[in-house]
Each structure stands twice: as C-alpha cells, then as structure tokens.
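Colleague: I've just opened this one and don't know my way around yet. Could you walk me through a few of its strands and a helix?

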Amino acid sequence: HLKNSRVGSLYLGMFYDNEIVLSMTLGSNRFERGSELIRLTGGKYKVLGGFSRLLKHSNINNLVSYCDLCYGNGDGYLKSGFNFQSTTPPAYHYFHKSNPLILFSRVQFQKHKLKDKLPIFNPDLTEWENMKNNNYDRIWDCGNTKWVFK
C-alpha cells in the first residue's frame with residue numbers, strides 16, 4: 001500500500017493462481033465507535049467488483065473509510081454502496097531533510113511530545129519552529145473524503 005501497512009483485526013483477500021490480487025484490512029475506527037476500512041490494496045490484476053465482494057464477505061454493516069484525495073476521488077466507495085459524509089482540510093506529514101522519502105505523521109510530532117523526540121527543543125517555540133530547528137520539513141496532502149457504509 002502507498003501509505004504502508006497497518007494493523008487490523010480482520011484481513012480479507014482475493015487470490016488468482018495462488019497470488020493475492022486484492023486485499024482488505026479492517027479494524028476499529030480510530031476516531032469514533034465502529035469499524036474502519038483501513039487499507040484496500042490491489043495487485044497487478046484489476047478485479048471488477050472485487051471491493052464489493054470483499055465488503056459482503058466481511059459481514060460488517062457500519063463501516064467508515066477515508067479516501068486520500070492525492071490518489072483518488074472516492075468513486076470506488078460510491079460504486080460499492082458507501083455514502084459520502086464529508087471532506088477534511090489538507091493536512092501535513094513531516095520528513096527529515098536527510099531522508100525525504102520517509103514520511104512521519106504529524107501526530108507523532110505534536111508539541112507536547114517533542115521534548116522527548118528532538119535533540120533541540122525550545123518550549124517557547126511552536127511545533128513547526130522546533131521541527132525546522134531539527135532539520136525537518138513538511139509536505140501537505142490534498143485532504144480526505146470520509147465515506148460511510150451501512
């Protein structure tokens with residue numbers, strides 16, 4: 001998956017010739033009660049209707065998922081019976097200038113966590129100022145759309 005792996009409580013997959021062609025990770029919702037579709041990853045084959053079939057097999061009726069607007073518009077959710085709920089504003093990830101290919105969630109670097117994470121920390125500076133002083137920069141995304149399946 002483009003955004004790395006994530007731990008879930010239910011993993012489903014579709015196979016063709018002993019090769020996984022579509023996988024789904026489901027787990028507890030990070031932000032509210034219920035379940036969340038955490039990851040959906042395809043392989044080298046396109047499986048028409050595969051997403052809907054995996055959803056039916058999961059037997060979960062109340063499911064939330066998010067579409068990263070950097071990579072898509074949520075069409076697959078709409079075609080699979082999800083309802084659009086909202087759009088989040090753009091957010092950012094940090095990267096260290098010595099290794100710009102590794103992105104870190106902004107949640108890891110909230111100001112109250114920085115004194116234990118950064119070699120140089122000044123409590124009078126903002127999160128962003130402290131991160132810049134430690135040779136980090138940030139990259140912004142395009143926001144997300146939130147989808148609900150009932």
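Modeller: Sure, and keep in mind that this is a predicted model. Let's begin with a strand pairing: β5 covers residues 83-87 and runs antiparallel to β9. The number of bridges joining β5 to β9 is 4.

Colleague: Which residue of β9 is the bridge partner of S86?

Modeller: S86 has its bridge partner in β9, and β9 spans residues 144-149. That partner is K146.

Colleague: What about β4 and β9, how many bridges do they pair over?

Modeller: β4 takes in residues 63-68, and its pairing with β9 is antiparallel. One opposite pair there is V64 and V148. As for the bridges between β4 and β9, there are 6.

Colleague: How many of the 6 residues of β9 are buried?

Modeller: Take the two sides in turn. N144, K146 and V148 point one way, T145, W147 and F149 the other way, and all are buried. So β9 is largely enclosed by the rest of the structure, and the count of buried residues is 6 of the 6.

Colleague: There's also an open sheet of 3 strands; which are its edge strands?

Modeller: The strands come in the order β7-β6-β8, with antiparallel pairing. An edge strand here pairs on one side only, and that fits residues 99-105 and 136-140. Those edge strands are β7 and β8.

Colleague: By how many degrees are neighbouring strands of that sheet turned against each other on average?

Modeller: We leave direction out of it for this one. The average turn between neighbouring strands of the sheet is 40°.

Colleague: And which residue in β8 stands opposite H96?

Modeller: β6, residues 92-96, runs antiparallel to β8, and 5 bridges join them. Across from H96 in β8 you'll find Y136.

Colleague: On to helix α1: why do its buried residues lie on the same side?

Modeller: The buried ones in α1, residues 50-58, are G50, F51, L54, L55 and S58. In general, an α-helix has 3.6 residues a turn, so residues three or four places apart point the same way. Here the buried set ends up on the same side of α1 because the arc it covers around the axis is only 135°.

Colleague: Which exposed residues sit on the face of α1 turned away from its buried side?

Modeller: The buried side has cover from elements including β1, β2, β3, β4, α2 and β9. Turn to the face pointing away from that side, and the exposed residues are K56 and H57.

Colleague: Last one: which residue just after α1 takes a positive phi?

Modeller: Look just past the helix, where phi is about 60°. That residue is N59.

Note on methods
Residues are numbered from 1 along each chain as its sequence is written. This is a predicted model: local features need pLDDT of at least 70, side-chain atom pairs count only at pLDDT 80 or more; totals for chains, interfaces and linings use all residues. Side-chain values use heavy atoms; hydrogens and water are left out. Buried means under 20% relative accessible area, exposed over 50%, partly exposed in between (1.4 Å probe, protein chains only). Helices (H or I, at least four residues) and strands (E, at least two) are DSSP runs, numbered from the N terminus. Two strands pair if DSSP finds at least two bridges between them. Axes are lines fitted to C-alpha atoms, for helices over the stretch in contact, and angles run from 0 to 180 degrees between N-to-C directions. The arc is that of the directions from the helix axis to the C-beta atoms. Contact means heavy atoms within 4.5 Å.
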